[in-house]
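Could you walk me through this structure while I have it open in my viewer? I am new to it and would like to know what to select next and what is there.

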Amino acid sequence: MSKTFFIDTTKCTACRGCQVACKEWHDLPATETKQRGSHQNPPDLNAVTYKVVRFREHKDGDRVVWNFFAEQCRHCLEPPCKDAADGYLPGAVLKDEKTGAVLFTELTKKLPKDAFEAMASDCPYNIPRRDEKTGAITKCDMCIDRVNNGLLPICVKTCPTGAMNFGEREEMLKLADSRLAELKKQYPDAQLVDETDVRVVYLITEDPDYYHDFVVAQGPVGITRQMALAKLTSPLRSSIRRLIG
Ligand code: SF4
Ligand code: SF4
């Protein structure tokens with residue numbers, strides 16, 4: 001039961017229900033913020049904010065376009081954060097065999113500063129954060145407690161628009177492909193982001209720079225897999241990627 005999220009940004013209204021629900025389920029405190037002239041709040045992920053709805057606007061002729069990007073850990077198929085942590089303390093980061101969730105454990109509190117810096121710089125999506133008080137390194141845990149009990153991650157359960165989806169990897173990739181085909185007719189630049197490498201697959205309709213700096217991997221992730229797949233033709237690639245998740 002290998003799991004995957006499919007996040008359709010075209011359906012996101014930036015209501016931030018997912019962001020707040022994540023806080024509630026994980027019993028995380030609010031982050032004190034102030035109005036900075038942006039719809040995005042707080043300004044970034046932090047040790048007690050595992051999910052943040054990013055907001056970026058740009059002009060397209062006379063039109064102002066608002067893009068929303070509900071950001072979280074991508075649960076990489078071959079997580080560089082785990083490779084980095086394993087070099088210091090095996091067991092601090094785990095990959096759950098059943099779901100594929102990448103989990104930061106209590107042992108992360110014992111990791112030295114260097115280890116955190118290695119994890120943060122190796123993560124191609126700039127996700128890990130360290131709690132300065134407890135020393136714990138934190139991020140989205142796929143709501144593993146809920147998923148193991150047959151429930152949806154709380155962000156998916158809460159999303160009122162259908163932007164957030166979660167399920168078996170094969171089923172989610174099918175859904176992503178079919179939605180992409182539909183959107184391509186109106187948005188030729190529509191694309192699925194890094195879908196062969198991650199368990200959180202985003203669908204965007206414009207250049208990734210119009211959403212957020214770390215939409216696409218900014219470093220190696222599953223590079224061997226990616227290089228191998230790049231040599232294959234599309235239909236074959238499509239079937240193979242379903243087998244590797
Ligand atoms: S997105 Fe970053 S923190 Fe999440 S699994 Fe991948 S490398 Fe680790
Ligand atoms: S709950 Fe859904 S619609 Fe609301 S911000 Fe999150 S992804 Fe977007």
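## The largest pocket

Let us begin with an open space: by class, eight nonpolar, six polar and five charged residues line the largest pocket. Before going further, please keep in mind that this is a predicted model. To find the pocket, select Val 65, Asn 67, Tyr 187, Thr 205 and Glu 206, which lie nearest its centre among the 19 lining residues. Two elements, β2 and β3, each give two or more residues to this lining. Colour β3 if you like, since it gives the most, with five residues. The volume of the largest pocket is about 380 Å³.

## The second largest pocket

Next, select Tyr 50, Phe 104, Glu 106, Ile 137 and Thr 138. Of the 18 residues lining the second largest pocket, these lie nearest its centre. Here the elements that give two or more residues to the lining are β5 (102–104) and β7 (137–138). The space in this pocket comes to about 270 Å³, and its lining has eight nonpolar, five polar and five charged residues.

## Ligand 2 and the largest cavity

Now click on ligand 2. Which residues are closest to it? They are Cys 12, Cys 15, Arg 16, Cys 18 and Cys 159, out of 13 residues that surround ligand 2. By class, this shell has nine nonpolar residues, three polar ones and one charged one.

Hide the ligand for a moment and look at the room it takes up: that space is the largest cavity. Its volume is about 110 Å³. Among its 15 lining residues, Cys 12, Cys 18, Cys 159, Ala 163 and Met 164 lie nearest the centre. The lining of the largest cavity divides into 11 nonpolar, three polar and one charged residue. Over the whole structure, a search finds four cavities of 30 Å³ or more.

## Helix α1

Keep Cys 18 selected and extend the selection to helix α1, residues 17–25. Its buried residues are Gly 17, Cys 18, Gln 19, Ala 21, Cys 22 and Lys 23. What covers them? The cover includes β2 (52–60), β3 (63–71) and α5 (154–158). After α1 comes Asp 27, with a positive phi near 55 degrees.

Carry on into the loop between α1 and β2, where you will find Pro 42. Zoom in on the peptide bond that joins Asn 41 and Pro 42: it is cis, with omega at about 0 degrees.

## Ligand 1

Move on to ligand 1 and show the residues around it. There are 14, and Cys 73, Arg 74, Cys 76, Cys 81 and Cys 123 come nearest. By class, the shell of ligand 1 has 11 nonpolar, one polar and two charged residues.

## Two loop residues to finish

Select Cys 143, in the loop between β7 and α4 (144–147). Phi of Cys 143 is positive, near 50 degrees, in a residue other than glycine. Is Cys 143 buried or exposed? Cys 143 counts as buried because its relative accessibility is 5%, below the 20% cut-off.

The last stop is Asp 194, found in the loop between β9 (191–192) and β10 (200–204). Asp 194 is not a glycine either, yet its phi is positive, at about 50 degrees. With a relative accessible area of 14%, Asp 194 is buried too.

Note on methods. Residues numbered from 1 in each chain as written. Chains lettered and ligands numbered in written order. Predicted model: local features only at pLDDT ≥ 70, side-chain atom pairs only at ≥ 80, totals over all residues. Heavy atoms only, no water. Near = heavy atom within 4 Å. Nonpolar A, V, L, I, M, F, W, Y, C, P; charged D, E, K, R; others polar. 1 Å grid on protein atoms, 1.4 Å probe; cavity = no way out; pocket = protein on both sides within 12 Å on 5 of 7 lines; lining within 4 Å. Sits in = over half its atoms within 2 Å of the grid points. Buried < 20%, exposed > 50% of the residue type's maximum accessible area, 1.4 Å probe, protein only. Helix = DSSP H or I, 4+ residues; strand = E, 2+ residues; numbered from the N terminus. Contact = heavy atoms within 4.5 Å. Points joined across faces, edges and corners; volume = space filled by probe spheres on them.
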